[in-house]
Amino acid sequence: MNQLQALLNDSLTRTKHVENAAIINIKERQVCASTFGFNVRDQRVSWEAELDGGLIGVKTKTFILVATYKAGMYPSVCVEAVEKLDKMLAVYFDCPGGPENLYVKNVMKPNPGEGEVLVKVSASALNRADLLQRRGKYLPPEGASDILGLEAAGNVVGLGPGCRGQWKIGDAVMALLSGGGQAEYVTVPEGCLMPIPEDLTFTQAAAIPEAWITAFQLLHFVGKVQEGERVLIHAGASGVGIAAIQLVRLAKAIPIVTAGTEVKLKATEKAGAAVGFNYRNENFSEKVLAFTQGSGVDIILDPVGGSYWEKNIKCLSTDGRWIIYGLLGGGEVRGDLLSSLLSKRATIHTSLLRSRDKKYKEQLVKDFTEKVLPYFSRGTSPHLKPVVHSVYRLDDIAEAHRTMEKNKNIGKIVIQMPDSVPGTQ
């Protein structure tokens, strides 16, 4: 049963204030849902709200609802019901601050623009960027939705003008977003969508776009990883970390990780890490040098930043690439960083994905879809697998933020939409 049919059943006919009803798409001039046996001819459709002899028509930007009623009934329920058609639930906060500021709010449902697809979201996932945005420290790019959520999985329910026919209504897709994923609907440039592999649920699919494409970008677009190279992955049990481990293996390189607990190190080992070190009680730079027999690592994927700089330089190989994509440890550097870099002919790269332009993201999604996505299907070798730590209802978004802030998660934290069934596609 689609959403429109459910609205007719639950909000109208079951109230017994209307006899029959139909919902008409204005653009397509087609009946999208109706009660059994209720036929609506074009000449009976009112393009303005009116009441005339037991027939009421209510218009929104997208739909018209037509209903019949008997004397003594209250057709005003039609107005209340049809207003829901242009609304959706979304994560919201009125001012920057802690998780307690988050709540779920009714907002206007977006309409797809030129070359955009409307997706009904079944699941989204949480990222560090969401926490920073909530605190007021990471504003969305110009033109992006200010609703949280950088990735989502769901079904195509609408196509904007100019779409090239790549997607059709009902397709199961996952999306790389600049924002807006933690809502019931989101609009996406068609080139930023990917098909969901048949063996994955919406919950698993929601754990892929931002984390896995970030890791893919850092390794291939920025780091130019080569077969046999050694890659040090900090925060190895995070969503990006778990993805990076598997992608390094896919590239036939060697993943080395750091993490803060033995449980997390076990998880990275299961994901394919060659070796892991507990940064809380081990000097990871010395351990890395010992493991590599003094050669060091060719690439460092670093979301920590300033507090790690000396240890990173120490275990970086000659001509190595240090890639910074976050500043969990701060941005301040104290010491002679440049001389250390120069002595090893090393390079520092910095990278953010969210602020990249549409053309860059679409090429990134295209390459990921062609080169990586097939390995999520059953029977492939190596077989890639998203790791989901926990699933929260949309109403529990504040608790999901608290979990991530406490660094409790191994893999991704997924947010389930209200009318979605966990673990299904």
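**Exercise 1. Strand 5**

Both faces of strand 5 are covered, with Phe-63, Leu-65 and Ala-67 buried on one side and Ile-64, Val-66 and Thr-68 buried on the other. The model under study is a predicted one. Determine how many residues of strand 5 are buried, and which strand pairs with strand 5 in the antiparallel sense.

*Solution.*
Step 1. In a regular strand, side chains alternate between the two faces of the sheet.
Step 2. In strand 5 (residues 63–68), six of the six residues are buried, so the strand is largely enclosed by the rest of the structure.
Step 3. The antiparallel partner is strand 1 (residues 20–25), which pairs with strand 5 over six bridges.
Step 4. Within this pairing, Val-66 of strand 5 has Ala-22 opposite.

**Exercise 2. The nonpolar cores**

Identify the residues that touch the most other members of the largest nonpolar core, and state which helix gives the most to this core.

*Solution.*
Step 1. The largest nonpolar core holds 52 residues, and those touching the most other members are Trp-212, Leu-301, Phe-368 and Phe-376.
Step 2. The helix that gives the most to this core is helix 5 (residues 209–222), which supplies eight residues.
Step 3. Another core lies apart from this one; it has 27 residues, including Leu-126, Ala-152, Val-156 and Ile-397.
Step 4. When neighbours within four places in sequence are set aside, Trp-212 is in contact with Ala-207, Ala-243, Gln-246, Leu-247, Phe-368, Phe-376, Leu-384, Lys-385 and Pro-386.

**Exercise 3. Helix 5 against helix 11**

Classify the arrangement of helix 5 and helix 11 as roughly parallel or roughly perpendicular.

*Solution.*
Step 1. Two packed helices are described by the angle and the distance between their axes.
Step 2. The axes of helix 5 and helix 11 cross at roughly 95° and come within 10 Å.
Step 3. Angles of 65 to 115 degrees count as roughly perpendicular, and helix 5 and helix 11 are therefore roughly perpendicular to each other.
Step 4. On the helix 5 side, the residues that meet helix 11 are Trp-212, Ile-213, Phe-216, Gln-217 and Phe-221. Their counterparts in helix 11 are Tyr-360, Gln-363, Leu-364, Val-365, Asp-367, Phe-368 and Lys-371.

**Exercise 4. Salt bridges**

How many salt bridges does a search of the whole structure find? For the bridges of Glu-405, Lys-412 and Glu-370, name the partner and state where the two residues lie.

*Solution.*
Step 1. The search finds 14 salt bridges.
Step 2. Glu-405 forms a salt bridge with Arg-134, and their closest N and O atoms are 2.5 Å apart. Because Glu-405 lies in helix 12 (residues 397–405) and Arg-134 in helix 3 (residues 128–134), the pair ties together parts that are 271 residues apart in sequence. Glu-405 is partly exposed at 28% relative accessible area, whereas Arg-134 is buried at 2%.
Step 3. Lys-412 forms a salt bridge with Glu-151, with the closest N and O atoms 2.6 Å apart. This pair links distant parts of the chain, 261 residues apart: Lys-412 is in strand 20 (residues 412–416) and Glu-151 in strand 9 (residues 151–159). Both Lys-412 and Glu-151 are buried.
Step 4. Glu-370 meets Lys-366 in a salt bridge of 2.9 Å, N to O. Glu-370 and Lys-366 are four residues apart in helix 11 (residues 358–371), so about one helical turn separates them. Glu-370 is partly exposed at 48% relative accessible area, and Lys-366 is partly exposed at 42%.
Step 5. Salt bridges with shared partners join Arg-134, Arg-135 and Glu-405 into one network.

Methods. Residues numbered from 1 in each chain as written. Predicted model: local features only at pLDDT ≥ 70, side-chain atom pairs only at ≥ 80, totals over all residues. Heavy atoms only, no water. Core = buried A, V, L, I, M, F, W, Y, C linked by side-chain atoms within 4.5 Å. Buried < 20%, exposed > 50% of the residue type's maximum accessible area, 1.4 Å probe, protein only. Contact = heavy atoms within 4.5 Å. Salt bridge = Lys/Arg side-chain N within 4 Å of Asp/Glu carboxyl O. Pairing = 2+ DSSP bridges. Axes fitted to C-alpha atoms, helices over the stretch in contact; angles between N-to-C directions. Parallel < 35°, antiparallel > 145°, perpendicular 65-115°, else oblique.
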